[in-house]
Amino acid sequence: MQRYNILWADDEIDLLKPHILFLNDRGYDITPVASGADAIEQCENNNFDIVFLDENMPGMTGLETLSYIKSSQPSLPIVMITKSEEESIMEEAIGSKIADYLIKPLNPNQILLSVKKILDNKRLVTERTNLQYQQDFRNLSMAYNDEIDHNEWIEIYKKLVFWELEIDKTENKSMSEVLEMQKTEANSNFADFVISNYEDWLNDPNIERPLLSHQLMKKKVFPQLGQSPLFFIVIDNLRFDQWKIIEEDILEYFNVVEEEAYYSILPTTTAYARNSIFSGKLPLEMSKRDQDIWVGEDTEEGKNNKEEEFLERQIKRANLNIKFSYHKIIHANQGKQLNDNFNNLSQNDLNVVVYNFVDMLSHARTDMRMIRELAPDESAYRSLTKSWFQHSPLFDLLKMISDGRGKVIITTDHGTYRVKKPYKILGDRNVNTNLRYKLGKNLNFKESDSIYVERRPERLHLPKPNVSTTFVFATEDLFFAYPNNYNHYVNIYRDTFQHGGISMEEMIIPIISLNSKRA
């Protein structure tokens, strides 16, 4: 077991000998000194893992000593010890980034707890996290192997995300491979569940079914309209784990009123799922009743250029007499311009903001080697998302909304999945380019339980450009690859984040209601 070196500075150090012996017996080596000057000299000449500083020493005070040590060794953990309970001393010590604050008379176990919290925290957290996950592993496996409904699948996915984030905090992430295997197995079962139930969700109004993309605004957004301006923010490609990462920053300014999940429609892409959110319709209905603004797969035109028109029509159908705005943010300058216009936004009943950054990040990771190096796995991908958010105009906008006591709903249109296994499929030049779903009239592929084939797209409320159009959806970690130039294609797209298919990550996505803490 590693022995740690502790420097303890106190002008009454001889009276602390019982505490020093107590720590010695538990594997800690203590260097005692009687003044701040001696503590500084020791820090200059030796390496310590932690420093205990008495605040009220003659000569240099504890706070003065603390400031001197921190200026040369800012990462060295320092525990301030004092008889005083004055708030000003506490605040100054905390402001100087102390690791802990103890008040005399000292209790040996109190000291030991502080030391362990600082020095053994990672090891103890790792051991406890791994043990708890091992205990929960069997419960999760039994749950997703049973006959469960859409709500229970949401809970399973949330639990897997919870463990993913917890294991991510451990020292060596020793359980991450086991969790990855469990997620893969769960996704296989989830795909079977969706394939068995998805058509009924769309066509049978009498069955229990999840909230789907086209119902989102009617059921979750419009009922929130009221006295305060409501901001409906859609962050493209935001998975549940990414939400949990940025939630930590958002909670400084907002209370979470409701954290829920809903199911993206198929295909889990912007062209289908996001248009469905803003139109309040399924794709087949859009293609028939909104022919003037619906853009099908058989054209080169952008598929999401008419979201504002879809939204306006849905608001009119709902007979809502409201003032609203719609904004799509692709570049940081657009976000800053939106924030500069905040006073005008505050006069609206509803402000819809679409942020495309996470979607662009996933595409950049596919196209650029540097981004792939920066985000080699889910953990790093989450870290990039968090870094972007903390420095984004979106975070600034949320702070302004909080100051203005506004309400916020944050959601997304679909998530992404990290693909690893190529699946050969052949089609003509009119076949779409998405890697997680294909549609065409002459698709050639090998039938398998790992894909979902629908030869009558109208059953899934999907338009078909041709009478013989077939949709094929990838499940688990598959991605579609053409036989021509196969190896080159696979090398480019393997281990990239894609969407369009069936997985928990793509389909089970967050919708979060927030109220300002100032409200």
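In the predicted model, Ser 287 is located in helix 12, which spans residues 283-289. The relative accessible area of Ser 287 is 15%, and the residue is therefore classed as buried, the threshold for that class being under 20%. A polar contact links the side chain of Ser 287 to the backbone oxygen of Leu 284, at a distance of 2.7 Å. When neighbours within four places in sequence are set aside, the contacts of Ser 287 are Trp 294 and Pro 463.

Trp 294, a contact of Ser 287, also belongs to the lining of the largest cavity. The search for cavities of 30 Å³ or more returned a count of 1, and the volume of the largest cavity is about 30 Å³. Its lining is formed by Ala 271, Tyr 272, Trp 294, Val 295, Gly 296, Glu 297 and Lys 303. By residue class, this lining comprises 4 nonpolar, 1 polar and 2 charged residues.

A second buried site is provided by Glu 506, which is situated in helix 21. This residue has a relative accessibility of 0% and so falls in the buried class, for which the value must be under 20%. A polar atom of the Glu 506 side chain is placed 2.8 Å from the backbone nitrogen of Gly 501. Beyond four places in sequence, the residues in contact with Glu 506 are Ser 264, Thr 268, His 414, Gly 415, Thr 416, Tyr 417, Arg 436, Gln 498, His 499, Gly 500 and Gly 501. Gly 501 thus appears both in this contact list and as the backbone partner of the Glu 506 side chain.

Ala 143 lies in helix 6, which covers residues 121-144. With a relative accessibility of 26%, Ala 143 is assigned to the partly exposed class, since that class lies between the limits of 20% and 50%. Outside the four neighbouring places in sequence, Ala 143 makes contact with Ile 148 and Ile 156. The separation between Ala 143 and Ile 156 amounts to 13 residues in sequence and to 7.8 Å between C-alpha atoms.

Regarding model confidence, the chain has a mean pLDDT of 91, with 97% of its residues at 70 or more. Helix 21, the element that holds Glu 506, shows the highest confidence in the chain, at 98. The lowest confidence is found in helix 16 (residues 357-367), where the mean is 65. Predicted coordinates should not be interpreted in detail where pLDDT is low.

Key:
Residues are numbered from 1 along each chain as its sequence is written. This is a predicted model: local features need pLDDT of at least 70, side-chain atom pairs count only at pLDDT 80 or more; totals for chains, interfaces and linings use all residues. Side-chain values use heavy atoms; hydrogens and water are left out. Helices (H or I, at least four residues) and strands (E, at least two) are DSSP runs, numbered from the N terminus. Buried means under 20% relative accessible area, exposed over 50%, partly exposed in between (1.4 Å probe, protein chains only). A polar contact is a pair of N or O atoms within 3.5 Å; within protein, one must be able to donate a hydrogen and the other to accept it, and residues adjacent in sequence count only if both atoms are side-chain atoms. Contact means heavy atoms within 4.5 Å. On a 1 Å grid over the protein atoms alone, a cavity is a set of points where a 1.4 Å probe fits but cannot get out, and a pocket is an open set with protein on both sides within 12 Å along at least five of seven lines; lining residues have an atom within 4 Å of a point. Grid points are joined across faces, edges and corners, and a volume is the space filled by probe spheres set on the points. Ala, Val, Leu, Ile, Met, Phe, Trp, Tyr, Cys and Pro count as nonpolar, Asp, Glu, Lys and Arg as charged, and the others, Gly among them, as polar. pLDDT is the predictor's confidence in each residue, from 0 to 100.
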